Amino acid sequence: MLRVEGLSKRFDTVAAVDHLSLDVYQGEFFALLGPSGCGKTTLLRLIAGFERANAGRILLDGIDLAAVPPYRRPVNMMFQNYALFPHLNVEANIAFGLKQEGLSRDEIAQRVADIMALVKLETFGRRRPHELSGGQRQRVALARCLVKRPRVLLLDEPLAALDRKLRDETRFELMALQRRLGLTFVIVTHDQSEAMIVADRIGVMDRGRLVQVASPVEIYERPNCRWVADFVGNVNLFEGRLGDDGTSVESATGRLRVAAKIDAEPGAWVWVAVRPEKVRITHEPPPDLENCVAGTVVDIGYLGDLSIYNLLISDGSRMKAAIANSGHSTERTIRPEEQVWLSFLPEAATALTR
Amino acid sequence: MRKLSAFNLMALLLGFAFLYLPIVILVIYSFNASSLVAVWGGWSTHWYAELAKDAPLIDAAFISIRLALVSATAATILGTCAAVALTRYGRFHGRSLLGAMIYASLVLPDIITGLSLLLVFVAFSIDRGFWTVAVAHTTLAMCFVAVVVQARLIDFDMELEEAAMDLGATPLRTFVAVTLPLILPAVAAGWLLAFALSLDDLVIASFTTGPGATTLPIRIYSAVRLGVKPEMNAVCSIMVGVVGIAVIAASLLAKFNPARRKRAQF
């Protein structure tokens with residue numbers, strides 16, 4: 001439905017968006033995830049019409065938006081700082097967009113009332129933005145966009161200004177709202193857990209390019225490169241040469257095996273990626289010495305539900321393991337300075353070729 | 001706050017005395033019963049009553065007020081446009097030069113502004129009168145308006161305009177419905193400043209005026225040349241009052257920001 005083709009935007013000599021192509025489908029919750037300065041907000045502003053592209057096209061329902069000014073695009077944007085009109089009360093803020101459409105007074109009143117009920121702001125209609133809490137302002141900003149019934153709603157870091165607890169709740173509210181209204185949402189965020197929770201699909205961005213576009217599970221379990229693996233969550237990487245059988249890697253810590261066949265020439269440099277929570281720590285060497293590394297515990301970070309173990313392994317590099325504190329473990333506890341064995345299943349590891 | 005030392009207090013008092021003593025004396029002497037300016041003859045509002053009978057002076061006052069209303073309004077519109085253009089449209093070619101040029105008439109001696117405008121009117125053989133003075137005052141005041149409005153626009157949140165456009169408002173609607181209400185205090189302050197400037201300008205007006213457009217300051221100046229009459233003290237006191245109120249109101253408005261109100265509570 002929304003299609004971006006070969007889009008480029010340069011600021012002076014820096015390419016904020018670089019030959020980027022993307023498809024967003026009807027009714028989808030799409031997240032653009034990337035570190036700050038990767039061009040994700042610029043992409044959003046290009047779609048909204050606040051920036052002019054140097055090259056490429058943006059198509060909405062097959063129509064090129066290049067010649068359409070921002071005020072005629074059936075797209076609305078929720079700003080990071082909400083950009084509520086300080087001189088208007090909540091009701092007038094929400095009605096602002098409908099007034100521009102020249103709708104009748106009754107219809108505006110009806111739609112504003114409906115949307116205020118939807119975001120639970122009924123009793124705040126007469127308040128000014130400065131008399132609201134952060135969470136309430138966020139909902140006004142959302143309502144102001146939703147009331148326009150946009151084809152695509154663009155959200156620029158919609159939860160960044162909220163405190164943590166409120167952010168967690170609002171994520172689920174946002175998802176529920178999107179499903180209920182069947183709208184297409186494109187959210188921009190630098191917070192990977194936020195993207196993972198809310199989105200149907202995630203586009204991971206780096207330096208103006210989309211590195212990987214896939215479902216949250218796919219991104220986490222099968223990242224397509226080291227950069228994505230490292231940016232989304234934590235990862236242990238082992239560099240090595242691919243063996244002749246296509247599934248084993250000769251690394252400095254010994255032979256490692258992965259379950260899926262690696263798409264590379266035998267002898268090529270590849271990386272084996274293992275998430276910390278998929279690493280097992282044992283005091284005794286595991287029975288089949290496969291995917292097994294000896295190491296020393298350097299320190300332990302206790303997070304309550306999890307403990308993060310920092311380990312020094314035999315080839316001199318560092319490794320991380322995350323173990324759930326399930327509480328009924330009969331095993332002997334692991335202490336710093338202890339000699340342990342680290343192992344993982346071939347199914348738990350992913351091979352990366354770049 | 002630190003306590004003022006004796007020296008600082010002294011400096012402050014002297015400074016303000018220097019600034020305001022002549023005005024205070026003017027106002028006090030406007031209530032002088034004596035017909036001799038320098039001789040105190042007791043309190044009286046006699047000269048204010050006398051003013052009301054002075055038809056040419058009243059005419060001049062009305063001309064001045066009309067002139068101030070017209071030129072302040074024109075200067076506010078032009079000055080606001082200039083300020084918007086200078087802050088809004090990013091870095092266009094020659095932006096900083098234009099920005100500096102706005103200050104020209106703030107620092108240019110009135111004599112030069114007056115003379116150059118006179119030359120323009122003569123060169124284009126425009127009959128001098130009310131409208132030429134109005135144009136001259138607009139020229140003078142629009143720079144002051146531009147500076148006041150620009151100060152407000154600099155910390156204006158551009159995202160508000162983007163949000164308005166995103167919600168379907170054309171650029172013109174955005175300006176009328178969002179930008180203007182938010183900068184209105186500064187615009188009003190600029191108008192009052194322009195009004196006060198026009199009301200008390202003598203030099204530019206005397207260069208550009210013509211028959212039938214004698215402003216109050218010109219009338220007073222010509223009257224005083226023939227000797228200071230206590231009546232003039234009265235009319236000047238009234239002007240001090242009007243201009244003072246305008247300037248105080250302007251500075252209060254310039255500080256007032258609807259968006260900032262109560263922001264402190266967060």
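A pocket here is an open set of points on a 1 Å grid over the protein atoms alone, with protein on both sides within 12 Å along at least five of seven lines, and its lining residues have an atom within 4 Å of a point; grid points are joined across faces, edges and corners, and a volume is the space filled by probe spheres set on the points. The model is predicted, so local features need pLDDT of at least 70 and side-chain atom pairs pLDDT 80 or more, while totals for chains, interfaces and linings use all residues. Residues are numbered from 1 along each chain as its sequence is written, chains are lettered from A and ligands numbered from 1 in the order written, and side-chain values use heavy atoms, without hydrogens or water.

**Stop one: the largest pocket.** Select G49(A), F50(A), E51(A), P70(A) and M165(B), which are the closest to the centre of the largest pocket among the 30 residues that line it; the space inside is about 760 Å³. Then colour α9 (171–200) of chain B, which gives the most to this lining, with five residues. Helices (H or I, at least four residues) and strands (E, at least two) are DSSP runs, numbered from the N terminus.

**Stop two: the strands of chain A.** Show β1 (residues 2–11) and β4 (residues 55–60) of chain A, which pair in the antiparallel sense over five bridges, pairing being assigned if DSSP finds at least two bridges between two strands. L2(A) has L60(A) as its bridge partner in β4(A), and L60(A) in turn has I63(A) as its partner in β5(A). In the hairpin of β4(A) and β5(A), with two residues between the strands, D61(A) takes a positive phi near 50°.

**Stop three: helix α5(A).** Select residues 164–181 of chain A and, within this helix, R167(A), T170(A), R171(A), L174(A), M175(A), L177(A) and Q178(A), which are buried (under 20% relative accessible area, with exposed meaning over 50%, for a 1.4 Å probe and protein chains only). Seen down the axis of α5(A), the buried residues fall within an arc of 165°, taken from the directions from the helix axis to the C-beta atoms, so they line one face. Turned away from that side are the exposed residues K165(A), F172(A), R179(A) and R180(A).

**Stop four: two loop residues.** Which of D12(A) and Y82(A) is buried, and which is exposed? D12(A), with phi near 55°, is exposed at 72% relative accessible area, whereas Y82(A), with phi of about 75°, is buried at 6%.

Conventions: On a 1 Å grid over the protein atoms alone, a cavity is a set of points where a 1.4 Å probe fits but cannot get out, and a pocket is an open set with protein on both sides within 12 Å along at least five of seven lines; lining residues have an atom within 4 Å of a point.
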